[in-house]
Amino acid sequence: GRSRSTLGQGLLGLLGAGDLDEDSWEEVEDTLLMADLGSSTTQEIVAKLRERIASRGVRTPEQARELLREVLVESLGPDMERSVRALAHDGRPAVVLIAGVNGTGKTTTTGKLARVLVAGGYVVLLGAADTFRAAAAEQLATWGERAGAETVRGKEGADPASVAFDAVRRGTESGVDAVLLDTAGRLHTKTGLMDELGKVKRVVERQADVDEVLLVLDATTGQNGLTQARVFREVVDVTGVVLTKLDGTAKGGIVFQVQRELGVPVKLVGLGEGPDDLAPFEPEAFVDALLR
Amino acid sequence: MFDTLSDRLTSVLSDLRGKGRLSETDIDSTCREIRIALLEADVALPVVRAFVKQVKERARGAEVSEALNPAQQVVKIVNEELVAILGGETRRLRLAKTPPTVIMLAGLQGSGKTTLAGKLAHWLRGQGHTPMLAACDLQRPNAVNQLQIVGERAGVEVFAPEPGNGVGDPVDVARRAVADARSRQYDVLVVDTAGRLGVDEELMRQAADIRDAVSPDEILFVLDAMVGQDAVTTAEAFRDGVGFSGVVLTKLDGDARGGAALSVREVTGQPILFASNGEKLDEFDVFHPDRMASRILGMGDVLTLIEQA
Ligand SMILES: Nc1nc2c(ncn2[C@@H]2O[C@H](COP(=O)(O)OP(=O)(O)OP(=O)(O)O)[C@@H](O)[C@H]2O)c(=O)[nH]1
Ligand SMILES: Nc1nc2c(ncn2[C@@H]2O[C@H](COP(=O)(O)OP(=O)(O)OP(=O)(O)O)[C@@H](O)[C@H]2O)c(=O)[nH]1
Ligand SMILES: [Mg+2]
Ligand SMILES: [Mg+2]
């Protein structure tokens, strides 16, 4: 990875009196491109930074760096509401639906979220609405045991909507605080599977509001992440994004485009495979990691 | 915004059409579009740079063609270069002289290793082999069950002496699996391993230990086609940490352009052997460099355009 000092030194060149060193700009651009911001977002950020450096009378590389950080944090909408609606309200459990393409970390995130809630003294029920992937329900149930939450399962190949419906019904009857519904991974290009996901949500909504629809995005995902987000939003009206695998070398810069286009905030980040590796998304910390 | 290179080039083509020769400006503007298209396709930046430079050099020296306008000529060069990098020496799976052939799978979490194990087994059976799977992911919850179910669906034996979920030593299981396969005359052993990050030194060492225990004939690096710029860092980490002899791209049934194919091929020099394109057992194919080239740049239309010129 690029070290802090490399970028810092490069930024020195930005500071000549309006006499911009193209190498330094290229270095800023590279940092953003390599973090998966994509070429148009990168261009916008660089343009904003140019403007700001010109208008602010910047004198040191530290100041230039601070401005870049400022522009990036701003682009992440630091004032967006990022709390997860996972607590009972109006005398019924919160219902959280977890969705995304294959292998992003949905089941793991569901388990971690249960763990956070249970540790906070809440009662959680898990719904294994992935009836498709080999051992998916077992995997969720194992997470449930770890977290101290019961898991409602259907038979392999059962209708996921009916498992989800069942889980919400049982959660409501037994008065739990939250029902977390894990769904099968599906590529946004598969219309049949996307229809199935839409149906899961609609069927659940016959008896309860779905309070939160979390789209789980893998931080290693490149530009395809935006397409994923668009289609999932259309089908299940995503209310928050979970960015997983941020403990690796990937920076997760696709969320700049995702947040802006969808107007939906990243709410949580995944930082490992363990039960406690889930954290709130903090734009400042995210940007610092991106520039590191 | 233009989505594909063909859209982009159509917009610059109108200016260039009919000039009949490759001026420096023509090459520059076309290469700018190619650069953006490659970045949008998630080709890693250093690879994009090297690639565009190479294309520029060839374009400068290119013969003036009667049939193609300048942009088309550049695109033709791009396509040829892409196929050359992606294809190189496409080769078949390396089989051991004395069975069992050992194929070890490695890659990031969730990339598709376990699913691939089933697909390989299914495919190998179709080729007349008698494969066995070894459950060496003893970490991720219910990875062992998953492999057992996958093996059952593929109709192959699964060596799974440990329950997993944190119980058992994957290196030991791998070692015993080879002995078991040999004594029971399975001729190919596919070793499923836990997902791991390039930066996780401990798990990377474990992968190297598994490798040393089984001396694989192939180590396949399993990579999600949706991956972005991190492809290079991760591929280098696996190359240095455990080493690999081939690449499998997964989830190609989506609409990601899959620029990582180019990055990984270019940076590690290892060939891409297979493409995984679905969740089902038979959604699997040997890798086709030419298809991948058109896919990365959305060039289907451009190539048609060239043919019609
Ligand atoms: N390093 C790391 N690994 C993670 C993280 N979240 C999940 N994983 C791993 O990623 C792999 C896939 O996670 P799952 O939770 O099974 O993903 P999923 O989205 O449910 O997968 P499907 O249901 O098959 O679509 C597993 O090996 C997890 O342990 C994370 O934040 N960091
Ligand atoms: N659409 C699609 N899904 C795939 C493909 N290959 C694997 N998957 C799915 O991706 C998810 C993860 O696959 P796994 O085989 O569990 O991945 P893994 O690398 O073994 O994951 P870990 O063991 O957790 O590291 C599952 O939902 C698979 O069904 C593919 O080619 N296309
Ligand atoms: Mg899952
Ligand atoms: Mg696996």
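**Reading two ligand sites and a sheet**

Guide: Let us begin with one contact in this predicted model: the side chain of B:Ser276 places an N or O atom 3.1 Å from an oxygen atom of ligand 2.

Visitor: How much of the 650 Å² that ligand 2 exposes when taken alone does the protein bury?

Guide: The protein buries 96% of that area.

Visitor: Which other residue of chain B brings a side-chain N or O atom to an oxygen atom of ligand 2, and at what distance?

Guide: A pair of N or O atoms is read as a polar contact when the two lie within 3.5 Å. Here the side chain of B:Thr114 provides such an atom, 2.8 Å from an oxygen atom of ligand 2. The backbone takes part as well: a polar backbone atom of B:Gly195 is 3.4 Å from a ligand 2 oxygen atom.

Visitor: Why is the site of ligand 2 described as shared?

Guide: One asks which chains supply the surrounding residues. Chains A and B both do for ligand 2, so the site is shared between chains. Of its 23 surrounding residues, B:Gly112, B:Lys113, B:Thr115, B:Arg140 and B:Glu279 come nearest.

Visitor: What is the character of the shell around ligand 2, and which helix gives the most to that shell?

Guide: The shell divides into two nonpolar, 13 polar and eight charged residues. Helix α5 of chain B, residues 113–126, gives the most, with four residues.

Visitor: Where does ligand 1 lie, and which residues come nearest to ligand 1?

Guide: Ligand 1 lies between chains A and B. Of the 22 residues around ligand 1, the nearest are A:Gly105, A:Lys106, A:Thr107, A:Thr108 and A:Glu273. The shell around ligand 1 holds two nonpolar, 12 polar and eight charged residues, and α5(A) gives the most, with four residues. A polar backbone atom of A:Gly103 is 2.9 Å from an oxygen atom of ligand 1, while for a backbone N or O atom of A:Gly270 the distance to a ligand 1 oxygen atom is 3.3 Å. Alone, ligand 1 has 650 Å² of accessible area, of which the protein covers 96%.

Visitor: In what order do the strands of the open sheet in chain A stand?

Guide: A sheet is read from strand to neighbouring strand. The eight strands have the order β3-β2-β4-β1-β5-β6-β7-β8, with mixed pairing. Its edge strands are β3 (150–152) and β8 (278–280), each paired on one side only. From one strand to the next, the twist averages 25°.

Visitor: Which helix lies across β1, β4 and β5 of chain A?

Guide: That is helix α8 (residues 191–205), at about 175° to β1(A). Helix α5 (residues 106–119) of chain A runs at about 170° to β4(A).

Notes
Residues numbered from 1 in each chain as written. Chains lettered and ligands numbered in written order. Predicted model: local features only at pLDDT ≥ 70, side-chain atom pairs only at ≥ 80, totals over all residues. Heavy atoms only, no water. Pairing = 2+ DSSP bridges. Helix = DSSP H or I, 4+ residues; strand = E, 2+ residues; numbered from the N terminus. Axes fitted to C-alpha atoms, helices over the stretch in contact; angles between N-to-C directions. Contact = heavy atoms within 4.5 Å. Near = heavy atom within 4 Å. Polar contact = N/O pair within 3.5 Å; in protein donor to acceptor, adjacent residues only side chain to side chain. Areas by Shrake-Rupley, 256 points an atom, 1.4 Å probe, with all protein chains shown as cover. Nonpolar A, V, L, I, M, F, W, Y, C, P; charged D, E, K, R; others polar.
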